[in-house]
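I opened this model to note its overall build first and then to look up one position in more detail. My entries follow the order in which I checked things.

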Amino acid sequence: MVYQKQILLTMKTTRLFLLPLIVSLLLVMGTGTIANAQVKGPKYGQDSVKCVMEISLYREFFKQWKNSDYTNIAVVDAVRHWRWVFLNCPLGTENTYLDGVKMYNHFIKSEPDNTRKELLIDTLMRIYDQRIEYFPNHYKTGQSQVGSILGRKGVDLYQWRPTSVQEVYDILKHSVELDGNQAQTAVIVYYFRTAIELVNSNLLGKDILIDLFDQLMEITEYNIKNNPKEQADFESVKSNLELSVEPYANCEDLVPIFRKKFEAEGQTNTDLLRKIINMLDKKNCTADPLYFDATVRLYELEPNPESAYLIGRMLYKRNELNKSSEYLLDATNMADTNARADCYLLLADEFRTMRDYSRARSYAYKSAELRPGDGNPFILIGDLYAASADACGTDEISKKAAYWAAVDKYYKAKSVDPKLEQVANERIYSYSRAFPALERLFFHDLKEGDSYTVGCWINETTLVRSSK
């Protein structure tokens, strides 16, 4: 028994000693012949019995390696049988490629010799290529999985051979073109990273980088909205993209790029116009005339309430109020409730500026109906009442009665919207001091708490109060 244990120990020691040499010889020698793998044919190749046996053997050793948390030397036996399967019956099982990627990533990570490491990387790439050749479709859905496989190939190539930037970029570009909204998070990140490296090397233009950013953000935002299981991951990707593009996407960079595109295609290309508007909006470049020009042109080509709102808002900022209100009235047909509430509130402020207080109040109430938790419409109505005080009275009481109605609205504002409490309280304090003095109330036969109807366009009942 002691003798048998010594033999087993000697064998184990020998295998450990020979492991680096065995792996290097198997893998480096295999690299030259793997490229000559047979063309498509029978599932188990020309020798089906041996193929089934070799698959069984390599899988058994692979499972032992896996069960050891990928630490024991069973991977040596696994790769010896795996290589025969890879070369002689590539259609035998898709596990050949999944397991092969796992093993070769392990070997590459463990290989100290750079020359052998490069050969191992070549083989890893060949594993991905052969999987695409023999298993291009997903075994469950029957749908193409080429984009997904290319994505993994590109990410691995970048990890092990980061200097192959152009090759990685091309692989990941193809992957995203095939997968679209199904693109993997790592693929999106590394695709954009390689694009930035190519820009820094003057091998790619900033305009292409900006287009790519827009494309990848669309994919990312689609998944944030429609892929709850990976929402957090795509939120992280979004932050990564925005941070990475920052040095290349300021207004000074974006406007010349998009101005040239606008002048070349912008008169008819609605997709381009939307891209220009969205990108300039995201990067806070809306003050540039290009943003206005693109928005107006899109509205001319495809009139819709959303574009009308953008144009109306810009005209409002330019103080072109009459033109602005025309677009904003069209914008009140927007489907989004919050957007309509914003639109009505902006209309209210416009008509306040034009001193059409009655219409301003009407639009403020419409905004409040759509968004009951927003106190801003009541702040605005209170301001309208306060501004009308002198014009809506004929004596010292009636000229100050509008302040009572105004303060009512400020109380209403902070009751529905607590975050406006400070704003409302400041106005309440200011206008309460403008209430009539107590002795003046007595002179007009009024007392605090009496009901009082404010006249003029306000035409609202409030309570008598004196200044404090």
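The entries below go from the whole chain to a single residue.

Entry 1, confidence. I am working with a predicted model, so I looked up the pLDDT before anything else: the mean is 89, and 91% of the residues reach 70 or more. I marked residues 1–39 for caution, since the pLDDT there is below 50, although this stretch has 48 contacts in the model beyond near neighbours in sequence.

Entry 2, overall build. I find 21 helices and two strands in the protein. The radius of gyration is 36 Å, well over the 23 Å that the globule rule gives for 468 residues, so I note the protein as more spread out than a compact globule. Along the principal axes, the C-alpha atoms fill a box of roughly 120 × 65 × 40 Å.

Entry 3, burial and contacts. I note that 47% of the 468 residues count as buried, and that the accessible surface comes to about 24300 Å², with 52% of it belonging to carbon and sulfur atoms. Among contacts between residues at least 6 apart in sequence, 62% join residues at least 24 apart.

Entry 4, charge. I recorded 58 positive and 63 negative side chains, with the centres of the two sets 5 Å apart.

Entry 5, Ala-402. What surrounds Ala-402, leaving aside its neighbours within four places in sequence? I located Ala-402 in helix H19, residues 401–416, and found it buried, with a relative accessible area of 0%. Its contacts, with those neighbours left aside, are Tyr-385, Ala-389, Val-454 and Ile-458. I also noted that the C-alpha atoms of Ala-402 and Ala-386 are separated by 6.0 Å, although the two residues are 16 apart along the chain.

Technical notes. Residues numbered from 1 in each chain as written. Predicted model: local features only at pLDDT ≥ 70, side-chain atom pairs only at ≥ 80, totals over all residues. Heavy atoms only, no water. Helix = DSSP H or I, 4+ residues; strand = E, 2+ residues; numbered from the N terminus. Rg over C-alpha atoms; globule rule 2.2 N^0.38 Å. Buried < 20%, exposed > 50% of the residue type's maximum accessible area, 1.4 Å probe, protein only. Contact = heavy atoms within 4.5 Å. Areas by Shrake-Rupley, 256 points an atom, 1.4 Å probe, with all protein chains shown as cover. Lys, Arg positive; Asp, Glu negative; His and termini not counted. Charge placed at Lys NZ, Arg CZ, Asp CG, Glu CD. pLDDT = per-residue confidence, 0-100.
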